[in-house]
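Me: Please take a close look at a single part of this model and describe how its strands are paired and covered. I would like the cut-offs behind each term as well.

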Amino acid sequence: MPFDAQKVKHVGVVRIEGAVPIAHKQNDELTVDPELVEGFLTAVIIFAKTPVRTIRKASYDILIEVGDSCMVYAVLDPVPDETPYRNQMKQVLKFAEGFSFPPNTQPASIREIATLFQNEGHRWIHIHLLQSLLSSLGLSWMGFLDGSTKEHLEYILPRIEGPQGQGEIQEYVRKKICEQIDREGTTIGFDIERMMEHPEFVIRIDHVITLRRKEIEDAGVKVSEDSVNLKNLWLTAYGYNILQSGMNAGLTCDIETFSRIEEELEKIDISIRTNSDKPPTSSRVSRRLRDYIWEMARHNSDSISSVTSKLVECFLNLTMHKDTSS
C-alpha cells in the first residue's frame with residue numbers, strides 16, 4: 001500500500017535526553033489529547049524503555065521509531081501496512097539526529113538537506129544551512145557570511161567532497177568576507193585572533209575594529225519602564241558576543257540584566273545609547289541575516305532552539321504530509 005498523507009493525524013519528535021519535545025505537526029483533530037499521547041509515550045518508551053513500536057489507542061494506530069537521541073511518533077487512522085509510514089518516519093528521525101544538533105553534522109548531510117529545502121519559503125532556513133555548513137567545514141571562525149545565500153550555497157555545495165574542493169571553498173569564503181568588510185558589512189562572529197593568521201585579513205584589522213565600535217555606538221536600544229529591547233544590540237559584533245555568552249537574554253530583557261550587559265560593554269570602553277523611542281535598525285546586516293539572528297535570539301536561553309524546532313517542523317511537512325518516496 002502507498003503512503004496516504006490523509007491517514008496521518010499527528011506527528012511528534014521528542015529528544016530522548018530529558019524527554020524534551022522538539023516539534024509537532026497536527027493535520028486533523030484527534031479524539032484524544034495529543035499532549036496525553038506524548039506523555040504516555042514518553043513514560044512508556046523513554047523512561048520505562050519498553051521496546052513496543054506499535055500501540056492501538058482509541059481508534060488510532062500509534063507508530064513509534066526510536067533512534068540514539070530522538071523518538072518520532074505518528075498518530076494514524078488504522079492502516080493495513082505500516083511500512084510506508086515508518087519509512088517516512090525514519091527520514092524524520094535521520095534528519096533530527098543527523099542535522100538538528102550541530103556541530104556533528106557532516107557536510108554531505110547538509111548538502112542533501114539543502115537540496116530538499118531549496119524551495120522552502122522560510123529564508124532563514126537557508127541562512128542556517130549555510131552557517132551550519134561553514135561550521136562543519138571548520139570555517140565558522142570567519143563569522144556570518146552575508147549576501148546572496150543562494151549564490152554561496154551554489155558555489156560551496158558541489159565542492160564539499162572534491163579533491164580540491166576544501167581549498168576552493170576556503171578561498172571563496174575568505175574573498176567574500178573581505179568584500180563584506182570592505183563594504184562595511186557585518187563582522188559578527190569574526191575571530192580577531194584567527195584573523196592574524198591570514199595576510200588578507202591582517203591588513204583589515206584596524207578597519208574591523210573601527211567598524212565594530214561605530215556600529216555599536218550607532219545601534220541604540222529602546223528602554224521602557226521594566227524592559228529593554230535588545231534587537232539592535234544583537235546585530236552588532238560586540239553585542240552579539242556578549243548576549244551569547246550566558247546573559248540569558250532574548251530579544252528583550254529586564255533592567256537588571258541590561259545593567260550587566262552595560263558592565264560588560266564598559267570593560268571594552270563602550271557605552272550604548274538608550275532612549276524611549278525605537279532606534280533605526282542596522283543597515284550593515286541584510287534583512288535575511290537579521291531575521292535569522294533574531295530567530296535564534298528569541299529562544300537564546302532555551303536548551304532546544306526555536307530554529308531546530310522550526311526546521312524539524314518544516315521537515316515534517318516535507319516528509320509526512322506528502323509522498324516523497326517516489
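Reply: What follows is a close look at strand E4 and its neighbours, followed by a shorter view of a second sheet and the charged patch beside it.

This is a predicted model, in which local features need pLDDT of at least 70 and side-chain atom pairs count only at pLDDT 80 or more, while totals for chains, interfaces and linings use all residues. Residues are numbered from 1 along each chain as its sequence is written, and side-chain values use heavy atoms, with hydrogens and water left out.

Strand E4 covers residues 60-66, where a strand is a DSSP run (E) of at least two residues and a helix a run (H or I) of at least four, both numbered from the N terminus. Of its 7 residues, 6 are buried, so E4 is largely enclosed by the rest of the structure; buried means under 20% relative accessible area, exposed over 50%, and partly exposed in between, with a 1.4 Å probe and protein chains only.

Strands count as paired if DSSP finds at least two bridges between them. Strand E3 (residues 54-57) is joined to E4 by 4 bridges and runs antiparallel to it, with Ile 55 having Ile 62 of E4 as its bridge partner. The hairpin of E3 and E4 has 2 residues between the strands, and in it Ala 58 takes a positive phi near 55°. E4 is also joined to strand E5 (residues 70-76), again in the antiparallel sense, by 6 bridges, and here Ile 64 has Tyr 73 of E5 as its bridge partner. The hairpin that joins E4 to E5 passes through 3 residues.

A second sheet is open and has 4 strands in the order E8-E7-E6-E9, with mixed pairing. Its edge strands are E8 and E9 (274-275), each of which pairs on one side only. Strand E7 (residues 228-229) pairs with E8 in the antiparallel sense over 2 bridges, and Cys 253 in E8 is the bridge partner of Val 228.

In the loop between strand E8 (252-253) and helix H12 (255-266) lies Asp 254, which is partly exposed at a relative accessible area of 38%. Asp 254 forms a negative surface patch with Glu 225, Asp 226 and Glu 256; patches are made of residues with over 30% relative accessible area and no salt bridge, like charges being joined within 9 Å and nonpolar side chains (Val, Leu, Ile, Met, Phe, Trp, Tyr) within 5 Å. A salt bridge is a side-chain nitrogen of Lys or Arg within 4 Å of a carboxyl oxygen of Asp or Glu.

Methods. Areas by Shrake-Rupley, 256 points an atom, 1.4 Å probe, with all protein chains shown as cover. Lys, Arg positive; Asp, Glu negative; His and termini not counted. Charge placed at Lys NZ, Arg CZ, Asp CG, Glu CD.
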